[in-house]
Amino acid sequence: MAKMTSKSKQFAVIIGIAVFIFSGHFIGFLRPIENLFVAVARPVQSRLYGLSSNISDLYSTWMTRLEQNKKVEELETRLNQTLIERSQLKILEEENTFLRQQLDFVEENDFSLVAARVVGLGVDETAKDIVLNKGRKAGVIIGAPIVAQDKIIIGKVISVSDYQSIARLINDHNSQLAAKILNRDRTIGLISGVFGLGVKMELIPQTEKIVTGDIVVTSGMEPLVPPGLVIGTIDAVTAGDEDIFQEASLRSPVNFDKLTLVSIIIPKNK
Amino acid sequence: MILTVVKNFLLILLVVVWETAMRRLLPGWLASINLAIIFLVYFGILKHFRLSIIYAVILGAFLDLYSPIFFGAKIISLSFTFFIIELIFTRLLTNRSVYAVSLFVVVALFLESTISVGLKFIYLLIKDAQMDYSLWGTSFHWQYWLTASIINIGISMIVFLLFYFFSNQFKNILLQR
């Protein structure tokens, strides 16, 4: 009997802790602890993310090398040898280009850009999410688009805390983005992901003529997403005779597995 | 006391950093290593599974800071997993053998994954009125499960051997005639 009471007490303590954490998070009195943890974890995450990325690169290079011919192998080996010597210079060069692109973009639009570093991936294994080191304090809001390189949209913010945010990539199965094709008819459609394996465009009427190589951009129909951000190019079109809509798979110019530096687009009049 | 708190905090930090910054970026089978489950299983075996539930709640809370589903998803999935293990499986697996550790790890992996996917399914159903059955298909592919089970059993065996050789936690008893 005494043992039963002890067990019940222990479960009551567990439930108590859980209730305390839940209420603390949603009321907000645990926010300083959460922010402190995020601040402590961020530098470690950032370094280990880079390390994992390098390990991943090494692995994929090794796998590719098995399939490539001798000439490509020699070129890659030479590239790897010079990579270490040029790494510092390259990082500076990339950051410089990135900031220049940001400046150009801001001058052209009613949006401002916040540069963010990818510090990790979301813990949901079935999703393609990235963790960014900028949050509410930097002006990030839910729904804000994420761009990489030269105006290429890669996802949207789905969750924001004070000092970090989580963005869902456009190749995630549950992501959706209004888009248009830069063809003669300016065909509109809906972009969604294919389980992290690729990106497709749906709801394209059968009457619209689209061809491989057509460029797909954001349509501007979503309030926070400016028009004209590049999504990719049409790779293949599938259309059944009895289907109402056509579907197209897209080739993205960005490698979603190697994102390190991105920008978050925020409306200026927010 | 302070040393224990610091030690446990560092362990939790290690698990969170592994889960968010490393695991899913790593190639091939390395991405299947679930340190959260292995950490909690060992905690349960070495201390008590009820303590594992408490740690599951705390670890889940920190992991939930990086969860796109909703705050509490990881708390629920991890704590319920170890609640079920404490309720049922501690009566089936009663010794501190490498076989028991392996089975605990596989059972915990399966339970945690099932609860996580179930929660996401319900979340999408409520939020987007969308019944995404594909979640079950991608998460429970037999090949993924086979790989994940083998890899995590392998890692838990390495941890077992480390404990065996460098601590007094798993002392062998030879039955002599």
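A salt bridge is a side-chain nitrogen of Lys or Arg that lies within 4 Å of a carboxyl oxygen of Asp or Glu. In this predicted model, A:Asp124 and B:Lys120 provide a good place to begin, since their side chains meet in such a bridge, with 2.8 Å from N to O. The count between chain B and chain A is one salt bridge, while the count over all chains comes to 11.

The contact between the two chains can be described by its residues and by its area. Chain B contributes 44 residues and chain A contributes 45 residues. Together the chains bury about 4,100 Å² between them, and 70% of this area is on carbon and sulfur atoms. On the chain B side, the residues that lose the most area to chain A are B:Arg24, B:Leu25 and B:Tyr66, which together make up 20% of what that side buries.

Turning to chain B by itself, the secondary structure consists of seven helices and zero strands. Read along the sequence, the pattern is therefore written α-α-α-α-α-α-α. Chain B has 177 residues, of which 52% count as buried. Among the contacts in chain B with a separation of 6 or more, 59% are between residues 24 or more positions apart.

A helix pair shows how such contacts look up close. Helix α1 (residues 2-22) of chain B packs against helix α2 (residues 35-46) of chain B at an angle of about 150°, and their axes are 9 Å apart. Angles over 145 degrees count as roughly antiparallel, so α1(B) is roughly antiparallel to α2(B). From α1(B), the residues B:Asn8, B:Leu11, B:Val15, B:Trp18 and B:Glu19 take part, and they meet B:Leu35, B:Ala36, B:Phe39 and B:Phe43 in α2(B). Sorted by character, the residues of this contact are seven nonpolar, one polar and one charged.

B:Glu19 appears again in a salt bridge with B:Arg23, where the closest N and O atoms are 2.8 Å apart. Both B:Arg23 and B:Glu19 are buried. Another salt bridge in chain B joins the side chains of B:Glu86 and B:Arg50, at 3.0 Å from N to O. This pair links distant parts of the chain, with B:Glu86 in helix α4 (residues 73-92) and B:Arg50 in helix α3 (residues 49-64), 36 residues apart. Are these two partners buried or exposed? Buried means under 20% relative accessible area, so B:Glu86 counts as buried at 4% relative accessibility, and B:Arg50 likewise counts as buried at 15%.

Helix α4 of chain B also holds B:Thr81. With a relative accessibility of 0%, B:Thr81 counts as buried. Leaving aside residues up to four places away in sequence, B:Thr81 touches B:Ala108, B:Leu111, B:Glu112 and B:Ile115.

Chain A has a salt bridge of its own to follow, between A:Asp172 and A:Arg168, whose closest N and O atoms are 3.6 Å apart. Both of these residues are buried. Salt bridges that share partners join A:Asp172 and A:Arg168 with A:Asp129 into one network.

Terms used
Residues are numbered from 1 along each chain as its sequence is written. Chains are lettered from A and ligands numbered from 1 in the order in which they are written. This is a predicted model: local features need pLDDT of at least 70, side-chain atom pairs count only at pLDDT 80 or more; totals for chains, interfaces and linings use all residues. Side-chain values use heavy atoms; hydrogens and water are left out. Buried means under 20% relative accessible area, exposed over 50%, partly exposed in between (1.4 Å probe, protein chains only). Helices (H or I, at least four residues) and strands (E, at least two) are DSSP runs, numbered from the N terminus. Axes are lines fitted to C-alpha atoms, for helices over the stretch in contact, and angles run from 0 to 180 degrees between N-to-C directions. Angles under 35 degrees count as roughly parallel, over 145 as roughly antiparallel, 65 to 115 as roughly perpendicular and the rest as oblique. Contact means heavy atoms within 4.5 Å. Ala, Val, Leu, Ile, Met, Phe, Trp, Tyr, Cys and Pro count as nonpolar, Asp, Glu, Lys and Arg as charged, and the others, Gly among them, as polar. Buried area is the accessible area (1.4 Å probe) that two parts lose on being put together, summed over both.
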